[in-house]
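This briefing concerns the structure shown below. It addresses the nonpolar core, one enclosed helix and one pair of packed helices.

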Amino acid sequence: MTDAGLYEFEYGDCESSGLLHDENGFPSFQDNDDDDDDDEEEEEKEESFADDFYRCGTDWSCLLQTERKLKQANLFDMWGLKSNSESEANCLFSPPMKKLKASNGKSTATHLKKIVDRSCPFYKKIPGTPFTVDAFRYGSIKGCSAYFLTHFHYDHYGGLGKRWSHGPIYCSPLTARLVRMCLLVNPSYIHPLELNTEHVIDGVKVTLLEANHCPGAALIHFRLQDGQCYLHTGDFRASRLMQSYPLLVNHRVNVLYLDTTYCNPKYKFPSKEDVLNYVVRVTKNCLKKQPKTLVVVGAYSIGKESVFLAISKALGVKIYANASRRRVLQSFDWPELSGNLCTQGNDTLLHVLPMSSLKFETLKDYLKPYGNQYAAVLAFRPTGWTYSETVGNQLDLIRPLSRGNITIYGVPYSEHSSFTELREFVQFLRPDKIIPTVNVWNAASREKMQSFFREWLSCKKLMI
DNA sequence: GCGATCAGAT
DNA sequence: CACATCTGATCGC
């Protein structure tokens, strides 16, 4: 649509259709030139499930065939022609879940806007296997017989619900519990896999490793029968500990599917530990000045529990969370967390609230029912990264927002890798090929990431 | 009328 | 700036 094929890459290209394998050992696209006209049935030819991936080689510009929402109907749709993705010359993706509807006589501009391409992007498919990762929003994916879920965040499990029936779901035991509990997915589809244990699925050796993201989050290591190793990081925060995972030490990773959320040097933030110490320090200071302070920690669904746990431990106070959040937290099987929850707001000065409540007005209202029990609110908003950081790692330069007796701190508690952590991880793994999974919809950003990867993996530069 | 889905906000 | 939703509107049955 917009920009196309403007990007050059060191290895391979899209046109290498005659070869059996590309430079990275991937089977290359079997050339069936003409737009197949036999595109009706699921069965048809044995086009492998990840052909779109092979076809792509290392030309990241192929990502341009996006799953983007179309703002307007294209001409095919407007003229009532079937938009069949398999017959589109450049399509790299599976067919959409539903055939796009031709506009009928009644259709208006608003109808036309609603047309959405729902095909699974290639980087969610694992080539040489019938697997996808975090791909639940595309309905039944042709050729996929096992759906992996890296962790329980909406942008990864989206599409899962009680009506799920497209195939088995593999994930960590904790994630499995949440999928059953919160999404009411039929348990017969859910297959928990113990971490650090090799499981053979469809002939592929699969091992889940701790991802240092939210509870239950896993890196997924695939070892194919031909020896190829793929590592999908899901969302993760790279750590030194990972450099001692035996699987990563002992097997070269051929393809790395990388969480590139903060793959830019402007993203600098402190270690989790430093942020926790800071939060505790601020809290103690505040309570010294005003003992009648309610301490609030903002949270989404799961993740960043350590922020309130650290305060709880340091002050020796319980943690209040509402019933639905408690149910989720209890399911973690994390004793020091479960053991410190309480069911009454009055019983502790430390409360966990939805991130959306961390606003002056909302907090003021929240305080009201407690009467004169509290004279002030100290709130922490643990975001991944705070823009105010020209200062980078300098926690002491953080300036809270303050209005009346309410103070709100944004703290850079990140569950994604910083730029330098990413670099160190990639230089440790030295994969043959890296497929970014975040920030991929923008051509400039894709190109920028690839140039970082090239720099990191060029032998000359190994400085930290 | 209701759940699912979408655009937009936060 | 971007995360991971959340909200309110609209769709489709």
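In H5, the buried residues are Pro173, Leu174, Thr175, Ala176, Leu178, Val179, Met181 and Leu183. The model is a predicted one. The points below are grouped by topic.

**Helix H5 and its surroundings**
- Helix H5 spans residues 173-183, and 8 of its 11 residues are buried, so the helix is largely enclosed by the rest of the structure.
- The cover over the buried residues of H5 includes two helices, H4 (154-157) and H9 (323-330), together with strands E4 (169-171) and E5 (190-192).
- Leu184, just after H5, adopts a positive phi of about 60°.

**Nonpolar core**
- The largest nonpolar core holds 116 residues, of which Phe148, Leu160, Val206, Phe222 and Phe425 touch the most other members.
- Helix H7 (residues 272-289) gives the most to this core, contributing 7 residues.
- Leaving aside residues up to four places away in sequence, Phe222 touches Ile126, Phe131, Val133, Phe148, Val204, Lys205, Val206, Gln228, Cys229, Tyr230 and His232.
- In soluble globular proteins, nonpolar side chains tend to be buried together.

**Packing of H12 against H13**
- Helix H12 covers residues 419-429 and helix H13 covers residues 443-457; their axes come within 9 Å and cross at roughly 55°.
- H12 and H13 are therefore oblique to each other, and H12 passes H13 in a right-handed crossing.
- On the H12 side, Phe419, Leu422, Arg423, Val426 and Gln427 meet Phe452, Trp456 and Leu457 of H13.
- The residues of this contact comprise 6 nonpolar, 1 polar and 1 charged.

Note on methods. Residues numbered from 1 in each chain as written. Chains lettered and ligands numbered in written order. Predicted model: local features only at pLDDT ≥ 70, side-chain atom pairs only at ≥ 80, totals over all residues. Heavy atoms only, no water. Core = buried A, V, L, I, M, F, W, Y, C linked by side-chain atoms within 4.5 Å. Buried < 20%, exposed > 50% of the residue type's maximum accessible area, 1.4 Å probe, protein only. Helix = DSSP H or I, 4+ residues; strand = E, 2+ residues; numbered from the N terminus. Contact = heavy atoms within 4.5 Å. Axes fitted to C-alpha atoms, helices over the stretch in contact; angles between N-to-C directions. Parallel < 35°, antiparallel > 145°, perpendicular 65-115°, else oblique. Left-handed = near helix turned anticlockwise from the far one by under 90°. Nonpolar A, V, L, I, M, F, W, Y, C, P; charged D, E, K, R; others polar.
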